[in-house]
Amino acid sequence: MAKPIALPLYEKLPLKNTVQRILDTTIFFLLLSLLAYRILSHHSNGFTYPLALLCESWFTFVWVLILSTKWNPVEYRTYPERLLLRVDELPLVDMFVTTADPILEPPIITVNTVLSLLALDYPANKLACYVSDDGGSFLTFYALLEASKFAKLWVPFCKKYRIQTRAPFRYFYDEEESPIDDSVEFLGEYAKMKDEYEVVRRKIEDATEKFIPLDVGAEEYVAFSNIERRNHPSIIKVILENKEGVVDGLPHLIYISREKRPNYPHHYKAGAMNVLTRVSGTMTNAPLILNVDCDMYISNSQMVFHALCLLLGSKNEQEFAFVQAPQSFYDGIMDDPFGNQLVALLKYMGDGIAGLQGYFYSGTGCFHRRKILYGLCPDGCMETGGRNPNWIGGKLTDEGLLKSFGHSKELTKTAERILTGLSGKADCPHDLSSSAEAANQVADCSYECGTSWGTKIGWMYGSTAEDILTGLTIHARGWRSALCNPDPPAFLGCAPSDVPSTLIQQKRWATGLLETLFSKSNPFIATLTANLQFRQCLAYIWILSWGLRSIPELCYAVLPAYCIITNSHFLPKVDESTLLIPAGLFAIYNLHSLHEHHKIGLSFRTWWNNQRMGRIVSTTAWFFGFLNVIMKLLGLSETVFEVTQKDQPSTPGEDNNKDVGQFTFNESPILVPATTLLFVHLAAMVKALSDLNYGSHELRIGELICNVWMLLCFLPFLKGLFRKGKYGIPSSTICTSAALAAVFVHLCKRVSVA
């Protein structure tokens, strides 16, 4: 009897985008026409035309990158119901959660993320959850202890009633969530579970406010006594242990705070991820690793099965190195006033990148193959110390293992199992206590010295955007990746809820991306010397150059004001037919962008907020990111990883709507460029109105439209000039910006007279 043909676990579906291609191409040809006009123009307008030519050349280059990236969008459709028909035994999965500061990242957020992971629809004996606390905080450990007690009630409840949202703070307090069953039994358990969660929440939040929990034994507290955040030994605590390997029990839960000493670099999040990789390698050694940020809870309890469809359903289970879920956010403010939900960007650029060599690694919500993090290439060789893999007879030598992974015999033994296609541990697979000594050894701050960690294996060092750099390194070896976007979304996180936090996040991204662009691992070199595909290289350049874009954006932003103040031009005059080129470009680009937003159900206001924040972010956060990298390259300073403030989950009765969507300001210098641009354009507007009042015969329509457009983009800053408290721009920022704007106007007049 013929063997039935196995159905595929996933499908790769090309998306139709004919209209989008036509509009994108039209914009490209309009940009080329504008460049041709600049080159062929004989206007004598000083340096404005050459400067405009340089800026527009950059914009054209960026549009080529966007055009190439968006050209072939695809989506992956997974079939998790077919997985168990194809796979005899499900693989082990190690889950990593990272947190760094109990103040900026409240422990209750981490607790909800961990609870959602522990309650996944997956055999509990196949899961292990590792929480990295880079703050070495007893508060985080205490919160996890309390969470582990609640998990013994919460996990069975979720699986018994097939609860979809498995983060308690969302399930109990989200207005869109409602009990799925009206039976007396369910409602009774629901009320009991909600009361139990309230007790846990209050205990954790009370402990956070008092900083000293009172009901924890001295034995648990002693490891945290008299330690400094940046100077302490490693602390590894097994909070939950599934010793019997019970399928319906609770997964392992392990707390880790790696050793830190002042004389050793800790490499920020990348260093923490590598410690998690080594510690988990000595304890459970799962072939698959899921990593999430502390604020990114599981929203789809079947997500592991969706990811396995892509990882196990590819050719010989080798095609995809990692599976990335797109970032989505809960409690997103209506109309995205701060432009940080990135819905349209992730949709159009994300689907396009997925159609190339694969989606970027985004730092959270990603499933990795451990063997690929260990440096394995598609041809089966190791990339450790060049192309001399130290392999004999298809097996990595003991010397090669020690050189790459360090001197821990336990780690090298488990690494060898992973690299030869095995997983787990040969002895005591469920007994974590037997690995305690080895786990502490590999968490030492000096362990990586002389090894390949951070250079050839694990998460890569050298950039605060360790995610992009690590993903780029994996793609450069020739691997592909997949974008998995199930319904409901795989993970939900919290986006920054105010302007200062948004700009700090964007500055950190721009800094890390530029560090990668200027590193030895940049996509140009990876394409020429390794296996990074050319169009994937262009996609990487698009995102890595965000910081560089601030310079032409700033220059182009001041050109209209400069021309109005100096009575010059950088756009064609009203009586010139070539004015249709920039006018058409402006109209078509904005209408096309508006259509893209409308097509995926976003409002006009969302589109405008994204346009506005695009100008604000590029002239503030990206500019400061650019300055950070320049200072680093000149040896004047080192970049610093800035943790973004995470908002405490809300509970009923709290007044959380007062500041929603409103611009708030602080005394950070990052706000100075935007405020200065506002003053410059206000001065230009006054000059333009003055010219009209005196009957100036030459009307600069193009420059005036640009001037009004910029004032509209920076309207929140204009309002901030007249408001008080956190809704107003601080007087120090106003004075600094006014002085800079006055200097600019004075120089403009000097140039005009000359």
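The legends below describe close-up views of one predicted model. Because the model is predicted, local features are described only at pLDDT of at least 70 and side-chain atom pairs only at pLDDT 80 or more, whereas totals for chains, interfaces and linings use all residues. Residues are numbered from 1 along each chain as its sequence is written, and side-chain values use heavy atoms, with hydrogens and water left out.

**View 1. Helix 5, residues 138–161, and its kink at A151**. Helices (H or I, at least four residues) and strands (E, at least two) are DSSP runs that are numbered from the N terminus. With 24 residues at 1.5 Å a residue, helix 5 should span 34 Å, and its end C-alpha atoms are indeed 34 Å apart, which agrees; the expected span is 1.5 Å times one less than the number of residues in the helix. A kink of about 45 degrees is nevertheless centred on A151, where the bend is the angle between axes fitted to the seven residues ending at a residue and the seven starting there. Of the 24 residues in helix 5, 18 are buried, so this helix is largely enclosed by the rest of the structure. Here buried means under 20% relative accessible area, exposed means over 50%, and partly exposed lies in between (1.4 Å probe, protein chains only).

**View 2. The two ends of helix 5**. At the start of the helix, a side-chain oxygen of S137 comes to within 3.1 Å of the backbone nitrogen of L139. This is a polar contact, that is, a pair of N or O atoms within 3.5 Å; within protein, one must be able to donate a hydrogen and the other to accept it, and residues adjacent in sequence count only if both atoms are side-chain atoms. Just after helix 5, R162 has a positive phi of about 55 degrees.

**View 3. Helix 20 beside helix 24**. Helix 20 (residues 550–566) packs against helix 24 (residues 672–693) at an angle of about 25 degrees, with the axes 8 Å apart; axes are lines fitted to C-alpha atoms, for helices over the stretch in contact, and angles run from 0 to 180 degrees between N-to-C directions. The two helices, helix 20 and helix 24, are therefore roughly parallel to each other, since angles under 35 degrees count as roughly parallel, over 145 as roughly antiparallel, 65 to 115 as roughly perpendicular and the rest as oblique. Helix 20 passes helix 24 in a left-handed crossing, a term used if the near helix is turned anticlockwise from the far one by less than a right angle, with right-handed used if clockwise.

**View 4. Helix 20 along its length**. The 17 residues of helix 20 should span 24 Å at 1.5 Å a residue, and the end C-alpha atoms, 24 Å apart, agree with that value. Helix 20 bends by about 30 degrees at L559, and the proline P560 follows within four residues. Although helix 20 is mostly covered, with 13 of its 17 residues buried, C555, which lies in this helix, is partly exposed, with a relative accessible area of 25%. After helix 20 comes N567, whose phi is positive, near 55 degrees.

**View 5. Backbone geometry in three loops**. Most residues other than glycine have a negative phi, and most peptide bonds are trans. In the loop between strand 6 (252–257) and helix 9 (268–283) is H267, whose phi is positive, near 60 degrees, and whose relative accessible area of 29% makes this residue partly exposed. D335, in the loop between strand 9 (320–324) and helix 11 (343–354), likewise has a positive phi, near 70 degrees. The peptide bond from D487 to P488 is cis, with omega near 5 degrees, and P488 lies in the loop between strand 13 (480–483) and strand 14 (491–492).

**View 6. Two buried residues, N125 and Q324**. N125 is found in the loop between helix 4 (107–118) and strand 4 (127–133), and at 18% relative accessibility this residue counts as buried. A polar atom of the N125 side chain lies 3.4 Å from the backbone oxygen of G245. Q324, in strand 9, is buried with a relative accessible area of 0%, and its C-alpha atom lies 6.3 Å from that of Y361, although Q324 and Y361 are 37 residues apart in sequence.
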